[in-house]
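This report was prepared for a reader who wishes to examine one protein chain in terms of its strands, helices and burial. Please consult the sequence and the structure shown here alongside the text.

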Amino acid sequence: LDHHGDYMHIGDTFHRLYSLLHLRGHTDARQLRSFGIYHHDPLVTPKDALYAQAAVALTLPKAASPLTATTIAAGRYAVMRHQGPYAELERAYHWFYHDWLLASPYQIADRPLVEEYLNDVQTTAPGDLLTDIYIPLAQA
């Protein structure tokens, strides 16, 4: 499900996604692998121009509007696991861009960044939330 605007509000889009899937007979939608696919850098793109997708891994015969089918691009990714509230993800990104990336032989590839949410925000304490961050890489 497309999300436009501030990335800090993608939770609302996930809520809509799970509700739509539930209405369409997927009563276990919150149990599916959930991904945020982020197409813009929020440090250089105005909030009102940001675009992301709230996604779940699900095979459907055809995605009916407003849902769309998408594929996470193949390629090399750096993967970091973050434990804690989503509001603290910025610390993990800061470490990656300011420490790890500068010391590596890689640069950021021209593909969306992906976050996989490994547990349910509705039933998990904020300090126990697990998020895998997939940052697309290319050889420098």
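The sections below proceed from the whole chain to its strands and then to selected residues.

## Overall architecture

The model is predicted. Its protein chain contains two helices and seven strands, arranged along the sequence in the pattern β-α-β-β-β-α-β-β-β. With a radius of gyration of 15 Å, close to the 14 Å that the globule rule gives for 140 residues, the protein chain is as compact as a globular protein of that length. The C-alpha trace spans about 50 × 30 × 30 Å along its principal axes.

Of the 140 residues in the protein chain, 39% are buried. Among contacts between residues at least 6 apart in sequence, 66% join residues at least 24 apart.

## Surface and charge

The protein chain exposes about 8,600 Å², and 55% of this area is supplied by carbon and sulfur atoms. As for charged side chains, 10 are positive and 15 are negative. The centres of these two sets lie 7 Å apart.

## Strand S3 and its partners

Strand S3 covers residues 51–56, and six of its six residues are buried, so the strand is largely enclosed by the rest of the structure. Burial applies to both faces of S3: Tyr-51, Gln-53 and Ala-55 point one way, Ala-52, Ala-54 and Val-56 point the other way, and all are buried.

Two antiparallel pairings involve S3. Strand S1 (residues 2–4) pairs with S3 over three bridges in the antiparallel sense, and in this pairing His-3 stands opposite Ala-52. Strand S2 (residues 34–38) also pairs with S3 in the antiparallel sense, over five bridges. Here Phe-35 stands opposite Ala-55. Both of these S3 residues are buried, with Ala-52 pointing one way from the strand and Ala-55 the other.

## Strand S6 and the link to S2

Which strand, besides S3, is largely enclosed by the rest of the structure? It is S6, in which five of the five residues are buried. Leu-113, Glu-115 and Tyr-117 point one way from S6, whereas Val-114 and Glu-116 point the other way, and all are buried. The buried set in S6 thus includes the acidic residues Glu-115 and Glu-116.

S6 runs antiparallel to S2, to which five bridges join it. In S6, Glu-116 is the bridge partner of Phe-35. Phe-35 also stands opposite Ala-55 in S3, and Glu-116 in turn has Asp-132 in S7 as a bridge partner. Followed residue by residue, these pairings lead from Ala-55 in S3 to Phe-35, from Phe-35 to Glu-116 in S6, and from Glu-116 to Asp-132 in S7.

## Strand S7 and its partners

Strand S7 occupies residues 130–139 and takes part in several antiparallel pairings. S6 and S7 are antiparallel over four bridges. Strand S4 (residues 77–83) runs antiparallel to S7 and is joined to it by seven bridges. Strand S5 (residues 106–108) is likewise antiparallel to S7, with three bridges between them.

Individual residue pairs locate these contacts along S7. Tyr-134 stands opposite Val-79, and Tyr-134 also stands opposite Val-114. Leu-137 stands opposite Ile-108.

## Gly-127 in the S6–S7 loop

Where does Gly-127 lie? Gly-127 is placed in the loop between strand S6 (113–117) and strand S7 (130–139). Its relative accessibility is 40%, and Gly-127 therefore counts as partly exposed, given that this class lies between the limits of 20% and 50%.

Not counting residues up to four places away in sequence, Gly-127 touches Gln-83, Gly-84 and Pro-85. Gln-83 is the last residue in the range given for strand S4 (residues 77–83), a strand that pairs with S7. Between Gly-127 and Pro-42 the separation is 85 residues in sequence and 24 Å in space, C-alpha to C-alpha.

## His-15 in helix H1

His-15 belongs to helix H1, which covers residues 10–23. Is His-15 buried or partly exposed? With a relative accessible area of 47%, His-15 is partly exposed.

His-15 and Ala-54 are 39 residues apart in sequence, and their C-alpha atoms are 9.3 Å apart in space. Ala-54 is one of the buried residues of S3.

Conventions. Residues are numbered from 1 along each chain as its sequence is written. This is a predicted model: local features need pLDDT of at least 70, side-chain atom pairs count only at pLDDT 80 or more; totals for chains, interfaces and linings use all residues. Side-chain values use heavy atoms; hydrogens and water are left out. The radius of gyration is taken over C-alpha atoms; the globule rule is 2.2 Å times the number of residues to the power 0.38. Buried means under 20% relative accessible area, exposed over 50%, partly exposed in between (1.4 Å probe, protein chains only). Contact means heavy atoms within 4.5 Å. Accessible areas come from the Shrake-Rupley method with a 1.4 Å probe; for residues, only the protein chains shown count as cover. Lys and Arg count as positive and Asp and Glu as negative; His and the chain ends are not counted. The place of a charge is taken as NZ of Lys, CZ of Arg, CG of Asp or CD of Glu. Two strands pair if DSSP finds at least two bridges between them.
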